[in-house]
Amino acid sequence: MHHFVYRGGILHAEDVPIPQIAEAVGTPFYCYSTATLTRHYKVFSDALNGLDATICFAVKANANLAVIRTLVSLGAGCDVVSGGELRLALKAGVAPEKIVFSGVGKTADELQFAIDNNVGQINVESEPELELLSKLATAANKRVRIALRVNPDVNTGGHDKITTGRKEDKFGIEWTLAPKLYRKAHKLPGIEASAVAVHIGSQITDLAPFETAFTRVRDLVLMLRNDGIAISHLDLGGGLGVPYDHSSNVLPPSPAAYGEMVKRTVGGLGCKLAFEPGRLLVGNAGVLVSRVIFIKEGTTKRFTIVDAGMNDLIRPAMYDAVHEILPIVEGRGDALATDVVGPVCETSDRFAQGVDLPNLKADDLVAFMTAGAYGAAMSSTYNARALVPEVLVNGAEFAVVRRRPSFEEMTALEQLPVWLD
Ligand code: LLP
């Protein structure tokens, strides 16, 4: 459920008519809803009721400071995967002990920064990383809580590019190799090996792979405890899918069903739990608003050319993702089949093929729905297009939380070498 609804035939973000924002900031722009962020956080935390759980928002899904801060103010921690994300989380005001630092290739500088800032947990993904972390922590005279991120070798059945928990994927430590590395970690100075982490992929629409993975984690915890390694924390990752395509009958499981499965698999271990949802919290809480530039009629196709491009929302081009497209002014005229494309000079700059949309014309506004996760966060300036503004709505108020840069700002980091000056 989200708070982008038609009122009087006009799509609103909470109480704000979207054309009013378009007038103020120009198009394209991302628009986020505070009420939706709040609702999703609450639905997920309610699903975990009875468990000792921290929800660490996966900042990679939406790195806007105002979005992070909204979730942090509700009680969220953060899951970060780079020094930059760690700085963002700290800047958004999250308590360092509620930060989990994940990622397969953390540099010594990033690890050092995390140690200096006393992050709650570092999820280690390889033996050399473990050794480096032990060295750095010892030198800093600190003891760092680590999890080994185990790779449970399960296939989520989701898109190949966002599946992470098969043994041929680069992520984590194969679960069969994990006990040996835990024994090593247990003896290393500066390391408190008291946690296990797992994350098997994203946009997962079936509980079964989670259940297999969490059962493997439970078995591992029991085995480690048997070996005298006290595991007190589990990090169960993110990955729960959200509905994108309302014409499809593949619906993700509810957070409540997910919570029940967590209780069933690892609830009895007496561990403190962390979760790293990204998409679930922010996906439905954001839309990308764009304006029609031209309608081009061909002999076999009708192209609706909009001012947002693949650089602003890359998911359709990269993962064949489907984002529902809604006209901002509801249902004018008969529906016509059209391809919706952007202005970028790539054939893959296409948001939809042959979708039925009302008879749109130049200057009409459309919204790409469910664009709050991995939308702005993955955008680029390809084709020298400026990053688009981000707007946060809260009831009847809205604020630009990231403005559109000027051309001078976009080129400010470049300089000509002396021989070209
Ligand atoms: N934790 C870790 C270690 C992750 O790698 C990820 C996502 C998450 C948590 C959050 O997963 P979520 O709850 O959002 O599914 N760009 C792709 C998704 C890539 C996901 C990468 N890792 C997309 O647009 O579909």
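Reader: In what sense do strand 14 and strand 15 pair, and over how many bridges?

Author: Happy to start there, with the note that this is a predicted model. A hairpin of four residues links strand 14 to strand 15, and E297 stands opposite R302 in strand 15. The two strands pair in the antiparallel sense, over five bridges.

Reader: Which residue in strand 17 does I305 stand opposite?

Author: Strand 15 has another pairing to look at, with strand 17 (residues 335–341). Those two run in the parallel sense over three bridges. Within strand 17, the residue opposite I305 is V341.

Reader: Why is strand 15 largely enclosed by the rest of the structure?

Author: Strand 15 covers residues 302–306, five residues in total. It is largely enclosed because the number of its residues that are buried is four.

Reader: Is the aromatic pair of F210 and F214 stacked, tilted or edge-to-face?

Author: Good one to check by geometry. Stacked needs planes under 30 degrees apart and edge-to-face needs over 60. The ring centres of F210 and F214 are 5.9 Å apart with the planes at 45°, so the pair is tilted.

Reader: About how many helical turns separate F210 and F214?

Author: Both F210 and F214 are buried, and they belong to an aromatic cluster with F44, Y258 and F275. They are four residues apart in helix 8 (residues 207–226), so the separation is about one helical turn.

Reader: Which ring does the charged end of R87 sit over?

Author: A charge counts as over a ring if, among other conditions, it is within 6 Å of the ring centre. The charged end of R87 is 4.0 Å from the centre of its partner, the ring of F113.

Note on methods:
Residues are numbered from 1 along each chain as its sequence is written. This is a predicted model: local features need pLDDT of at least 70, side-chain atom pairs count only at pLDDT 80 or more; totals for chains, interfaces and linings use all residues. Side-chain values use heavy atoms; hydrogens and water are left out. Buried means under 20% relative accessible area, exposed over 50%, partly exposed in between (1.4 Å probe, protein chains only). Two strands pair if DSSP finds at least two bridges between them. Rings of Phe, Tyr and Trp (its six-membered ring) pair if their centres lie within 6.5 Å; planes under 30 degrees apart count as stacked, over 60 as edge-to-face and the rest as tilted. A charge sits over a ring if NZ of Lys or CZ of Arg is within 6 Å of the ring centre and within 35 degrees of the ring normal.
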